[in-house]
Amino acid sequence: MTAAYEQHLVPVVFQPFAADLAARAAALRPRCVLELAAGTGALTSALRSAVPSAEVTATDLNEDMVAFGSARCSGATWRQADAQRLPFPDGGFDLVACQFGVMFFPDRVGAFTEVRRVLTPGGRFLFNTWGPLGAHGFEVALQAGLERAFPHDPPRFLRTVPHGYADPAVVAADLTAAGFTVEDEQELTLRGRAGSIADLADGYLTGTPVRAAVEERGADPAVRATVIEEMRTRLGPGPATAPMTAYVFRAAA
Ligand SMILES: C[S@@+](CC[C@H](N)C(=O)[O-])C[C@H]1O[C@@H](n2cnc3c(N)ncnc32)[C@H](O)[C@@H]1O
């Protein structure tokens, strides 16, 4: 699952936003950075390049991600950690960064409160979240494929988790509830480029929780073919490009 995520999804969907977030981080000139939900290390590597003088500690809930990330990006210190219970003392970091992770935290205000605790006073929290599903060209095509394959009971993961925290006013209110001052909030649309629609579909169908949702509905090999066909109808035969909309937040502790 981790390898499929890294191979098929990171270059298309996550890398463009990692470059953006790392450039924003560099402008803050941090010395000690904590990354949450670091996954396989897309942002971690970008941070190491953009801010080589900073110490970077990368964390993720999932042990497999931590193992993969630490092999991929050995210049950071890697540690397994739940963002809602950070195993770090108060005030140890001047920047906490997180790429497309906060949507996965069941208790966001609790996680943001933890982030503020581990930041120095005035330290920054920099992160992005996905916009609505309809504003992500690849994922709306994937969801259409899943709805064609499972017309009565389509998997709802994309709609409810990655794209389920897509109201910037709610995000800003959660930050304020955790004691942050929201300094900046931007909508950002970048284009992803997928060399192969089949590889992209495989990335989602085997490298994300969509896999479990499909398996729960039975192991029908026709599902993959249906999803790829629908994605090709919407995106073209490939290579394909599509817009992807996110919100980027910077908040001060
Ligand atoms: C969409 S991936 C993003 C990974 C990486 N930031 C990237 O840009 O490729 C979401 C990540 O959130 C992690 N995650 C989910 N719940 C978490 C939690 N409570 N604390 C920390 N990480 C969590 C998952 O293990 C996964 O690696």
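**Exercise 1.** In this predicted model, determine which of the 21 residues around the ligand come nearest, and how the shell divides by class.

*Solution.* Begin with the 21 residues around the ligand, of which Ala-37, Gly-39, Leu-61, Asn-62 and Phe-104 come nearest. Sorting the residues of the shell by class then gives 13 nonpolar, 6 polar and 2 charged. Finally, turning to the helices, one finds that α1 and α2 each supply at least two residues of this shell.

**Exercise 2.** Describe how helix α1 packs against helix α2, and identify the residues that make the contact.

*Solution.* Helix α1 spans residues 2–27 and helix α2 residues 42–50, and the two pack at an angle of about 35° with their axes 8 Å apart. The crossing in which α1 passes α2 is right-handed. On the α1 side the contact includes Val-10, Phe-14, Gln-15 and Leu-21, while α2 contributes, among others, Leu-43, Leu-47 and Ser-49. Taken by class, this contact of α1 with α2 holds 14 nonpolar and 2 polar residues, and no charged ones.

**Exercise 3.** Establish the packing geometry of helices α5 and α10, and classify the residues where they meet.

*Solution.* For helix α5 (residues 137–149) and helix α10 (residues 222–235), the packing angle is about 135° and the axes lie 8 Å apart. Because of this angle, α5 is oblique to α10. As for handedness, α5 passes α10 in a right-handed crossing. Among the residues that meet are Leu-142, Gly-145 and Arg-148 in α5, and Thr-226, Glu-230 and Arg-234 in α10. The residues of this contact of α5 with α10 divide into 9 nonpolar, 2 polar and 3 charged.

Note on methods. Residues are numbered from 1 along each chain as its sequence is written. This is a predicted model: local features need pLDDT of at least 70, side-chain atom pairs count only at pLDDT 80 or more; totals for chains, interfaces and linings use all residues. Axes are lines fitted to C-alpha atoms, for helices over the stretch in contact, and angles run from 0 to 180 degrees between N-to-C directions. Helices (H or I, at least four residues) and strands (E, at least two) are DSSP runs, numbered from the N terminus. A crossing is left-handed if the near helix is turned anticlockwise from the far one by less than a right angle, and right-handed if clockwise. Two residues are in contact if their C-beta atoms, placed from the backbone, lie within 7 Å. Ala, Val, Leu, Ile, Met, Phe, Trp, Tyr, Cys and Pro count as nonpolar, Asp, Glu, Lys and Arg as charged, and the others, Gly among them, as polar. A residue is near a molecule or strand if its C-beta atom, placed from the backbone, lies within 6 Å of it. Angles under 35 degrees count as roughly parallel, over 145 as roughly antiparallel, 65 to 115 as roughly perpendicular and the rest as oblique.
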